[in-house]
Amino acid sequence: PPNLNLGASHEGLTGNAVLQAGLERGLGMQPDPKNEAEVRAYEASSKANPRTVSLQECLMQAAHANGYSGFSFRNDPHAVLQAAFSTLDIADVLSNIANKAILQHYNGVEQVWRRFSGIRPVTDFKTITSYRLTGDMQYLPVGPTGEIKSAEFGSESYTNRATTKARMISITREDLINDDLGALGQAGQMLGRGAGLAINDVFWKEFLDNAAFFTAGRGNYQDGAATALSLASLETAERLFLDQTDPDGKPMSIMPRFLLVPTGLKRTAMNLMNSTEIRDTTASKQYGIANTFAGDFEVISSSYIGNAGYTGYSQAAWYLSLIH
């Protein structure tokens with residue numbers, strides 16, 4: 001099309017890279033400053049067409065590259081689309097843009113679960129069993145004859161299984177005729193958000209509805225009025241955490257790092273962690289004013305903990321955790 005020279009050769013860049021940058025500019029995207037080629041593609045796109053590129057212009061550019069000789073999308077949109085998609089180039093451009101939008105909005109969804117959980121790779125969709133070795137490994141004295149006693153192994157196991165989740169949305173014929181570039185970006189945004197929500201949904205359903213794991217018998221659970229988040233209850237929880245033992249009854253010797261709370265307790269938790277002094281207005285009472293918990297734990301808050309749509313939810317529950 002006239003005055004659209006995005007398919008021309010640029011030093012070290014393909015016409016598709018520049019065309020893609022023009023579309024991304026139209027969607028308000030920014031190049032990755034660490035990606036030199038991407039930055040140069042944006043600069044070349046801006047020089048070639050300062051006003052950014054419309055969706056129809058992108059399709060016309062691809063159609064011309066594939067031999068189409070017309071100059072109007074509206075005159076024959078079917079022919080333009082047929083020519084534009086006769087190679088994989090334009091499909092790759094649109095797919096790359098959608099994927100960038102998907103990633104940006106996937107990362108925009110709450111990612112708290114990453115802070116205190118582990119990610120394990122799998123090679124297929126079969127149920128896998130993971131084991132954690134246990135056993136009495138404490139060193140024993142070596143006898144006069146030099147005999148070393150053998151340790152006895154045990155194990156704890158749990159199962160897991162990968163599944164596939166997917167959704168698909170399309171840019172409609174009306175979107176193309178209306179030259180609605182925003183539809184391309186919105187499609188990626190919606191898919192990205194949907195992916196983030198799906199992972200959160202799976203994780204928090206398992207985490208919150210886990211009464212078999214969080215039990216008084218395991219020493220990792222306590223309830224009642226005295227557990228409302230405060231310095232006193234935090235001290236109790238820290239003691240429970242530090243006193244945990246392994247299957248052989250030996251101290252686990254692990255330290256909590258995170259104070260995980262619902263949104264309703266976020267400010268309370270931050271006050272507990274950031275206040276350096278504690279004041280007591282009770283008359284005739286001696287007390288220390290230093291807050292020994294200040295800065296001990298990093299506060300992380302999740303909107304899922306208190307969400308009534310999940311079994312086990314609570315706006316009063318809170319957790320001490322460590323990085324996996």
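**Exercise 1. Helix H1**

Find out which helices the buried residues of H1 pack against, and how many of the residues of H1 are buried.

Solution. The buried residues of H1 pack against H2, helix H3 (55-65), H5 and H7. Helices (H or I, at least four residues) and strands (E, at least two) are DSSP runs, numbered from the N terminus. Packing rests on contact, which means heavy atoms within 4.5 Å. The model is predicted, so local features need pLDDT of at least 70 and side-chain atom pairs count only at pLDDT 80 or more, while totals for chains, interfaces and linings use all residues. Residues are numbered from 1 along each chain as its sequence is written, and side-chain values use heavy atoms, with hydrogens and water left out.

Next, count. A residue is buried under 20% relative accessible area, exposed over 50% and partly exposed in between (1.4 Å probe, protein chains only). In H1, 9 of the 12 residues are buried, so the helix is largely enclosed by the rest of the structure. Among them are Gly15, Val18, Leu19 and Leu23, and also Gln20, Glu24 and Arg25.

Then check the length. The expected span is 1.5 Å times one less than the number of residues. For the 12 residues of H1 this gives 16 Å, and the end C-alpha atoms are 17 Å apart, which agrees. Just after H1, Gly28 takes a positive phi of about 80 degrees.

**Exercise 2. The two sides of H2**

Decide where the buried residues of H2 lie around its axis.

Solution. Start with the length: the 13 residues of helix H2 (residues 36-48) should span 18 Å, and the end C-alpha atoms are 18 Å apart, in agreement. The buried residues of H2 are Glu38, Ala41, Tyr42, Ala44 and Ser45. They cover an arc of only 165 degrees around the axis, so they are on the same side of H2. The arc is taken over the directions from the helix axis to the C-beta atoms. The general rule is that an α-helix has 3.6 residues a turn, so residues three or four places apart point the same way.

Now see what lies on either side. The cover over the buried residues of H2 includes helix H1 (15-26) and helix H5 (89-107). The face turned away from the buried side carries the exposed residues Glu36 and Lys47.

Last, look at the start of H2. There, a side-chain oxygen of Asn35 comes within 3.3 Å of the backbone nitrogen of Ala37.

**Exercise 3. Aromatic pairs**

Classify the pairs Phe116 with Trp204 and Tyr304 with Tyr310.

Solution. Rings of Phe, Tyr and Trp (its six-membered ring) pair if their centres lie within 6.5 Å; planes under 30 degrees apart count as stacked, over 60 as edge-to-face and the rest as tilted. The structure holds 14 such pairs. Phe116 and Trp204 are 6.1 Å apart centre to centre with 55 degrees between the planes, a tilted pair. This pair links distant parts of the chain, 88 residues apart: Phe116 is in the loop between H5 and strand E1 (128-136), and Trp204 is in helix H7 (residues 181-208). Phe116 counts as buried at 10% relative accessibility, and Trp204 is buried at 0%.

Tyr304 and Tyr310 form an edge-to-face pair, 5.6 Å centre to centre and with 70 degrees between the planes. Tyr304 is buried, with a relative accessible area of 9%, and Tyr310 is buried with 12%. These four residues belong to one aromatic cluster, which also includes Trp113, Phe203 and Tyr319.

**Exercise 4. Strand E3 and its partners**

Describe how E3 is paired with E4 and with E5.

Solution. Two strands pair if DSSP finds at least two bridges between them. E3 and strand E4 (residues 298-302) run parallel, joined by 5 bridges. With strand E5 (residues 319-321), E3 pairs in the antiparallel sense over 3 bridges. Leu260 stands opposite Ile300 in E4, and its bridge partner in E5 is Tyr319.

Then consider the side chains. In a regular strand they alternate between the two faces of the sheet. Phe258, Leu260 and Pro262 point one way from E3, while Leu259 and Val261 point the other way. Strand E3 (residues 258-262) is mostly covered, with 5 of its 5 residues buried.

**Exercise 5. Ile119**

Is Ile119 buried or exposed?

Solution. Ile119 is in the loop between H5 and E1. At 56% relative accessibility, Ile119 counts as exposed. Not counting residues up to four places away in sequence, Ile119 touches Trp113 and Arg114.

Notes: A polar contact is a pair of N or O atoms within 3.5 Å; within protein, one must be able to donate a hydrogen and the other to accept it, and residues adjacent in sequence count only if both atoms are side-chain atoms.
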